[in-house]
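User: I am new to this structure and would like to learn how to read its features. Could you walk me through them?

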Amino acid sequence: MPFPVTTQGSQQTQLPQKHCGITSPNSLATLKPLGVFEEEEELQHRILIWGKLNNLVKEWIQEISESKNLPQSVIDNVGGKIFTFGSYGLRVHTKGANIDELYVAPRHVDRSDFFTSFYGKLKLQEKVKDLRAAEEAFVPGIKLCFAGIEINILFARLALQTIPEDLDLRDDSLLKNLDIRCIRSLNGCRVTDEFLHLVPNIDNFRLTLELSNSLEHVPFLLWEATYCHFCAQTLRMTPLLMISDRPS
């Protein structure tokens, strides 16, 4: 039975924080040898690939801007941005998992540009394999393997002249008068961002999803929604206790 906090003058004595779960967070380090977490080398490889694609996207958008005779002042600041979603966007992906990406472009870059000129730029990349386009899909996109990493790319054009680096996709005003295919493409990132803003303890939320994702019992989006609500309701519960009550 825990003792109450005692106060004597300006001094205050308090017991160490009690962890409401099966075990303390520190003991989760014992799970690392089991391969639950991604190794640092693979993580750095993914970051390197993301950086190369980010530069490629910005270069492509500038080329499109030049071809459409935009003022140089606009071209220099036109931007363009890659967002990630799904397990990678939440940083709960397992070893060898793919990356779901969304490329956001300004209003003068068309979807047809994405499936023609950008597809062509990808085709010229030496480390890109298995490149294929799904232009007529419900959520159109491009799939590829870049240096051994499977990547799914969606595209959205916003009604903005430039794309700032601090763009917040949760802003509902961005959806006004937007093409339905762009709205569908934005949904994954918007849901991911909303989850991360709703949970009070992001580290616990991520660790719980990472562990449950490795079990492969339930579709990942269902885990996201369930544990987002669960974390919001149980502020101090540890990931292992939440995992122990998972659906079978």
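User: Is Lys-121 buried or exposed, and how do I tell?

Analyst: Happy to help, and do keep in mind that this is a predicted model. Relative accessible area is the guide, and buried means under 20%. Lys-121 has 13% relative accessibility, so Lys-121 counts as buried.

User: Which side chain does Lys-121 meet in a salt bridge?

Analyst: The general idea is that side chains of opposite charge can pair when their charged atoms come close. Here, Lys-121 forms a salt bridge with Glu-63, at 3.4 Å from N to O. This pair links distant parts of the chain, with Glu-63 in helix H1 and Lys-121 in helix H4, 58 residues apart. Unlike buried Lys-121, Glu-63 is partly exposed, at a relative accessible area of 36%.

User: How many salt bridges are there?

Analyst: The count comes to 11. Another one of them joins the side chains of Glu-165 and Lys-81, 3.5 Å apart from N to O. Glu-165 sits in the loop between strand E7 and H5, while Lys-81 belongs to strand E3, so this pair ties together parts 84 residues apart in sequence. Lys-81 is buried at 16% relative accessibility, and Glu-165 is partly exposed at 49%.

User: Which residues do salt bridges with shared partners join into one network?

Analyst: Let's begin with a single pair. Asp-110 and Arg-157 meet through their side chains at 2.7 Å, N to O. Asp-110 is in the loop between strand E4 and H4, and Arg-157 is in strand E7, 47 residues apart. Shared partners then join Lys-68, Asp-110, Asp-113 and Arg-157 into one network.

User: How should I read a helix such as H1, and what span does it reach?

Analyst: Compare its span with the one expected at 1.5 Å a residue. H1 covers residues 40-67 and reaches 41 Å from first C-alpha to last, close to the expected 40 Å. Its buried residues include Leu-53, Val-57, Trp-60 and Ile-64. After H1 comes Asn-69, with a positive phi near 60°.

User: What volume does the largest pocket have, and which element gives the most to its lining?

Analyst: For a pocket, look at volume, then at the lining. The largest pocket has a volume of about 240 Å³. H1, strand E3, helix H3 and helix H5 each give two or more residues to its lining, and E3 gives the most, with 4. By class, the lining has 6 nonpolar, 2 polar and 4 charged residues. Lys-81, met earlier in the salt bridge with Glu-165, is among the lining residues, as are Trp-50 and Arg-206.

Definitions and conventions. Residues numbered from 1 in each chain as written. Predicted model: local features only at pLDDT ≥ 70, side-chain atom pairs only at ≥ 80, totals over all residues. Heavy atoms only, no water. Expected span 1.5 Å × (residues − 1). Buried < 20%, exposed > 50% of the residue type's maximum accessible area, 1.4 Å probe, protein only. 1 Å grid on protein atoms, 1.4 Å probe; cavity = no way out; pocket = protein on both sides within 12 Å on 5 of 7 lines; lining within 4 Å. Points joined across faces, edges and corners; volume = space filled by probe spheres on them. Nonpolar A, V, L, I, M, F, W, Y, C, P; charged D, E, K, R; others polar. Salt bridge = Lys/Arg side-chain N within 4 Å of Asp/Glu carboxyl O.
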